[in-house]
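Trainee: I've got the coordinates open and some time to spare. Can you walk me through this one?

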Amino acid sequence: MHSLHYVGQKLHCESVDLAAIAQLHGTPTYVYSAQTIANNYQRLAASLTGLDLQICYAMKANSNLAILRHFANLGAAFDLVSGGELRRVTAAGGAANRSVFAGVGKSEAEIRLAIEAGVYGFHVESEPELARINHVAGQLGKKAPIAIRINPDVDAKTHAKITTGKSDNKFGIPLKHAAEAYAAAAKFPHLEIKGVQMHIGSQLTSVTPFAEAVAKVVPFVAELKKTYGISYFSIGGGIGIIYQDALASGQQSWWDAKPEAERPLTPETYGATLKPLLAPLGLKILLEPGRFLVGNAGVLLSRVEYLKRGANKNFLVVDAAMNDLVRPAMYEAYHEIVPLTRDSARPALKADIVGPICESGDCFAKDRTLQSVGEGELVAFMSAGAYGYTMASRYNTRAQAAEVLVSGSRFELVNGRESFESMIAGEKIPAFLKT
Ligand SMILES: Cc1ncc(COP(=O)(O)O)c(C=O)c1O
Ligand SMILES: N[C@@H](CCCC[NH3+])C(=O)O
């Protein structure tokens with residue numbers, strides 16, 4: 001469920017007409033719904049009541065400071081993957097001491113920053129990393145809390161580029177080597193073994209791989225509790241969202257019309273399936289959802305620049321591009337595209353929806369049929385709240401988009417459109433080129 005819906009013919013986010021935001025702040029602009037995020041968060045937390053639960057929002061999905069503060073207010077901690085993300089948590093007023101630090105390539109400087117900030121746990125991805133964390137903690141005269149990321153070798157049945165729990169992915173330590181890794185960790189004087197972690201992939205639309213992975217590692221987790229007295233098990237993130245039919249799925253009626261067996265993965269199914277596997281462990285359970293919490297809470301607003309006729313198809317050239325939203329180019333991802341003002345009396349148009357960047361891959365959709373769009377009109381790319389702005393680049397010297405947060409009938413710019421001056425601020429012409 002989400003808060004994007006038509007009021008009459010105008011697409012709204014909560015009570016705000018999205019066209020008013022586009023008018024005021026221009027396009028391309030990301031818009032997020034605070035209400036949808038809160039609903040997603042509370043619904044997921046409710047599905048696991050009874051467990052000692054901490055949601056660590058995977059901030060790589062959307063790390064705007066306003067979004068982070070919203071999560072902090074809701075009681076979330078954070079799953080972070082870089083020193084930069086840690087600094088964002090602090091800047092937003094989030095709790096670093098309840099947050100966890102993942103990633104295969106943590107630098108010494110990042111480890112130092114995280115120990116000083118008092119992170120809850122380092123999610124360690126290799127044996128050399130154990131040695132490095134121990135070394136830095138020793139220099140600081142501290143003990144660093146760690147959990148080892150287990151790679152359970154389970155097929156997440158998602159896009160090949162976003163699966164992480166198979167043995168040929170770079171993530172985690174294979175289950176069969178994990179006992180040895182923990183034994184190695186126990187020997188380091190500046191490490192405190194605190195937990196265990198796994199994350200099998202992103203955009204999972206069935207609960208089966210989650211259940212398979214949890215069931216596979218639970219016996220080992222119970223062993224760790226006995227041997228090392230670990231206190232937590234992080235089962236990662238990965239819950240998928242609806243990309244096709246994104247707009248309609250915001251309404252209860254869409255769900256009611258579907259037979260139970262055909263409903264996409266819900267937090268209720270996720271919770272009901274995993275709770276019986278996790279509860280007997282008697283451990284704190286951490287979840288690291290990203291996309292599920294923010295994906296359907298965001299849209300990317302864009303304006304149609306041209307309707308161009310090709311030899312055998314139409315091209316709708318919009319002012320957003322792959323630098324703003326790279327998912328279609330990178331994963332062949334589907335994003336629903338809808339008009340901000342609908343008019344069913346107008347003929348439908350079939351076209352490729354493309355951006356202005358000089359790459360054939362700068363294509364959001366092929367042969368898509370859109371209702372009521374033409375030159376100068378506004379469209380929304382649905383389900384763009386996760387891995388949208390955070391994956392943006394400046395390719396073709398395109399400024400990064402603006403971001404707006406909506407709450408009820410209020411909205412505020414939470415990141416202004418990047419200026420040309422700030423894009424080039426770090427660049428300079430060296431003396432030897434100056435004549
Ligand atoms: C360690 C870790 N935790 C959590 C996530 C969040 O994933 P998602 O946005 O699919 O929930 C990711 C990204 O896949 C991750 O690498
Ligand atoms: N960035 C990806 C998901 C990868 C998640 C990060 N481990 C996406 O847009 O779907």
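## Around the ligands

Mentor: Sure, and let's start with ligand 2: its surroundings are K60, I162, S202, Q203, R327, Y331 and Y387. Keep in mind that this is a predicted model.

Trainee: How many residues in the shell around ligand 2 are nonpolar, polar and charged?

Mentor: Tyr and Ile go in the nonpolar class, Lys and Arg in the charged one. Sorted that way, the shell around ligand 2 comes out as 3 nonpolar, 2 polar and 2 charged residues.

Trainee: Where does ligand 2 lie relative to domain 1 and domain 2?

Mentor: The domain assignment splits the protein chain into domain 1 (34-292) and domain 2 (296-424). Both of them give residues to the shell around ligand 2, so ligand 2 lies between domain 1 and domain 2.

Trainee: Which helix gives the largest share of the side of domain 1 that touches domain 2?

Mentor: The C-alpha centres of the two domains are 31 Å apart. Across the contact, 22 residues of domain 1 meet 21 residues of domain 2. On the domain 1 side, the largest share is 5 residues, and they come from helix α2 (residues 34-47).

Trainee: Back to the ligand shell. Is R327 buried or exposed?

Mentor: R327 is found in helix α12 (residues 327-331). Leaving out residues up to four places away in sequence, R327 touches A333, H335 and Y387. The cut-off for buried is 20 or more other C-beta atoms within 10 Å. R327 has 20 of them, so it counts as buried.

Trainee: And Y387, how many other C-beta atoms lie within 10 Å?

Mentor: Y387 sits in the loop between β19 (378-381) and β20 (402-407). Its contacts, again without residues up to four places away in sequence, are A61, R291 and R327. Y387 is buried too, and the number of other C-beta atoms within 10 Å is 26.

Trainee: Which residues does UniProt list for "binding site"?

Mentor: That comes from an unreviewed entry, so the annotations may be inferred rather than shown by experiment. The listed positions are spread over 97 residues of sequence, and in space they reach up to 27.1 Å between C-alpha atoms. The UniProt list for "binding site" is R291, R327, Y331, E359 and Y387.

Trainee: How many residues surround ligand 1?

Mentor: The closest are A58, S202, G237, G290 and R291. By class, the shell around ligand 1 has 6 nonpolar, 8 polar and 3 charged residues. The count for ligand 1 is 17.

Methods. Residues numbered from 1 in each chain as written. Chains lettered and ligands numbered in written order. Predicted model: local features only at pLDDT ≥ 70, side-chain atom pairs only at ≥ 80, totals over all residues. Near = placed C-beta within 6 Å. Domains from an automatic or database assignment. Contact = placed C-beta atoms within 7 Å. Helix = DSSP H or I, 4+ residues; strand = E, 2+ residues; numbered from the N terminus. Buried ≥ 20, exposed ≤ 12 C-beta atoms within 10 Å, placed from the backbone.
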